[in-house]
Amino acid sequence: MPAVFETDLALPNKRAGKVRDTYTLPPSTDLLGNPTSSRMLMIATDRLSAFDVILPTPIPGKGKLLTQIATFWLRWIEDQHLSPTHLITNELDLIPDEAFTNSTTRTMLEGRTTICKICKVIPIECVVRGYLEGSGLKEYQATGTVCQVPLPEGLTQADRLPEPIFTPATKIDHGHDQNIGFDQACEHVVDLGGRSLMETLRERSLSIYVAASAYAKDQGIILADTKFEFGFPVDDQGNITSHDPILIDEALTPDSSRFWSATDYQPGQPQRSFDKQFVREYLESLVASGQWDKSSPGPQLPDAIIAGTLERYTQARNLLVGLTH
Ligand SMILES: Nc1ncnc2c1ncn2[C@@H]1O[C@H](COP(=O)(O)OP(=O)(O)OP(=O)(O)O)[C@@H](O)[C@H]1O
Ligand SMILES: [Mg+2]
């Protein structure tokens, strides 16, 4: 499958994130002639970012797998009445012919597109952790807390926490996200709803995590931790049309979460994972041997790392969504 590294559509407001490219779709009306909410086209490319650096080597097909997994969860979250979401459709037909160009054709985008409601993004990463790993483990070993939340003594790597915890981070446009306490998060969104907004986000994030973890576990995946984003829908002029936050972005994918194999789970050691951990470990080995310093540009990935990453993302898709989608 040819990889899609970047896109170039004849649509306004292009924004290239680390993995997704987004554009604004032309305004439209519903069957009764009323304007629909403003719509965004989000394209999952095959770019991979690690340690906040976009690597020069794409993972061919990763964007399609991410789209399948995120779409599955967004629909599931709506079906379970856990939160409204930004998802409208994955239909390519809604993209006008004039949008396509010589370098970005309709065929290239098949399976990678999400049309969603444009939102004012709430600048908080809503992180939920159910297990101890990564930066959380490091902090716990140093201080006995994770993001200022005190935890019982004696926990070991990859241990399940007594209950899932909500550990917000600021969403920074350029640079690493920074963990903050709940009170700081309330302060950070004081103009958008402050504490009462943060309480809603915490409640929604935790309930999605709890329900989705139970579902995933039955499919053989432990959702060790994950990150959600929320926003307020806006109209074509950019005015907020509802102050009920909706779930945006991707959700519960191997890019935004730690996915572990439930059958191999054994605390006290690193876990077999279906996420970016495999690439991170390879990159850490380059760092350890002085071949990379985690700054941009990142190194090229060897074929075995590309194949291993794709295999893990495919396993995650197969377990969660099924083989036939
Ligand atoms: N419904 C939505 N309305 C507006 N923006 C959205 C919506 N859903 C997702 N986004 C934004 O689209 C971008 C998706 O691209 P991607 O995840 O590749 O970017 P990123 O590199 O993680 O984010 P950023 O560039 O903001 O650091 C994110 O900035 C995300 O906040
Ligand atoms: Mg992102």
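**Exercise 1. The shell around ligand 1**

Task: Determine how the shell around ligand 1 divides by residue class, and where its residues come from.

Solution. The shell around ligand 1 holds 7 nonpolar, 4 polar and 5 charged residues. These values belong to a predicted model. Next, take the residues themselves: there are 16 around ligand 1, and G17, K18, V19, R20 and I248 come nearest. Then assign the shell to strands. At least two of its residues are supplied by each of β2 (20–24), β7 (113–117), β8 (119–121) and β15 (221–233). Finally, consider the domains. Domain 1 (15–120) and domain 2 (122–261) both give residues to the shell, so ligand 1 lies between them.

**Exercise 2. The two domains**

Task: Describe how domain 1 and domain 2 are placed and which elements of domain 1 touch domain 2.

Solution. Start with the bounds: the domain assignment gives domain 1 as 15–120 and domain 2 as 122–261. Their centres, taken over C-alpha atoms, are separated by 22 Å. Now count the contacts: 22 residues of domain 1 are in contact with 23 residues of domain 2. On the side of domain 1 that touches domain 2, α1 (62–79) and β8 each supply at least two residues. The largest share of that side comes from α1, with 6 residues. By class, the side of domain 1 that touches domain 2 has 13 nonpolar, 6 polar and 3 charged residues.

**Exercise 3. An open sheet**

Task: Give the strand order of the open sheet of 5 strands and explain why β1 and β6 each have one side without a neighbour in the sheet.

Solution. The order is β1-β2-β3-β7-β6, and the pairing is antiparallel. β1 (15–16) and β6 (87–89) stand at the edges, each with a single partner strand, so one side of each is left without a neighbour in the sheet. Strands of a sheet pair through backbone hydrogen bonds, either parallel or antiparallel. For β1 and β2 the sense is antiparallel, over 2 bridges. Within this pair, A16 stands opposite D21 in β2.

**Exercise 4. Strand β17**

Task: Decide whether β17 is largely enclosed or not, and identify the bridge partner of L223 in this strand.

Solution. A residue is buried if 20 or more other C-beta atoms lie within 10 Å of its own. By that criterion, 4 of the 5 residues of β17 (residues 257–261) are buried, so the strand is largely enclosed by the rest of the structure. β17 pairs with β15 in the antiparallel sense over 5 bridges. In β17, F259 is the bridge partner of L223.

**Exercise 5. The surroundings of L9**

Task: Classify L9 as buried, partly exposed or exposed, and list the residues that it touches.

Solution. Locate L9 first: this residue is found in the segment before β1. L9 has 19 other C-beta atoms within 10 Å and is therefore partly exposed. Leaving out residues up to four places away in sequence, L9 touches Y23, A99, F100, T101 and T104. L9 and N102 are 93 residues apart along the chain, while their C-alpha atoms are separated by 9.2 Å.

**Exercise 6. The overall fold**

Task: Judge the protein against the globule rule for 325 residues.

Solution. The protein has 7 helices and 17 strands. Its radius of gyration is 20 Å, close to the 20 Å that the globule rule gives for 325 residues, so the protein is as compact as a globular protein of that length. Along the principal axes, the C-alpha atoms fill a box of roughly 60 × 50 × 35 Å. Of the 325 residues, 38% count as buried. Among contacts between residues at least 6 apart in sequence, 65% join residues at least 24 apart.

Methods:
Residues are numbered from 1 along each chain as its sequence is written. Chains are lettered from A and ligands numbered from 1 in the order in which they are written. This is a predicted model: local features need pLDDT of at least 70, side-chain atom pairs count only at pLDDT 80 or more; totals for chains, interfaces and linings use all residues. A residue is near a molecule or strand if its C-beta atom, placed from the backbone, lies within 6 Å of it. Ala, Val, Leu, Ile, Met, Phe, Trp, Tyr, Cys and Pro count as nonpolar, Asp, Glu, Lys and Arg as charged, and the others, Gly among them, as polar. Domain bounds come from an automatic or database domain assignment. Two strands pair if DSSP finds at least two bridges between them. The radius of gyration is taken over C-alpha atoms; the globule rule is 2.2 Å times the number of residues to the power 0.38. A residue is buried if 20 or more other C-beta atoms lie within 10 Å of its own, exposed if 12 or fewer, and partly exposed in between; C-beta atoms are placed from the backbone. Two residues are in contact if their C-beta atoms, placed from the backbone, lie within 7 Å.
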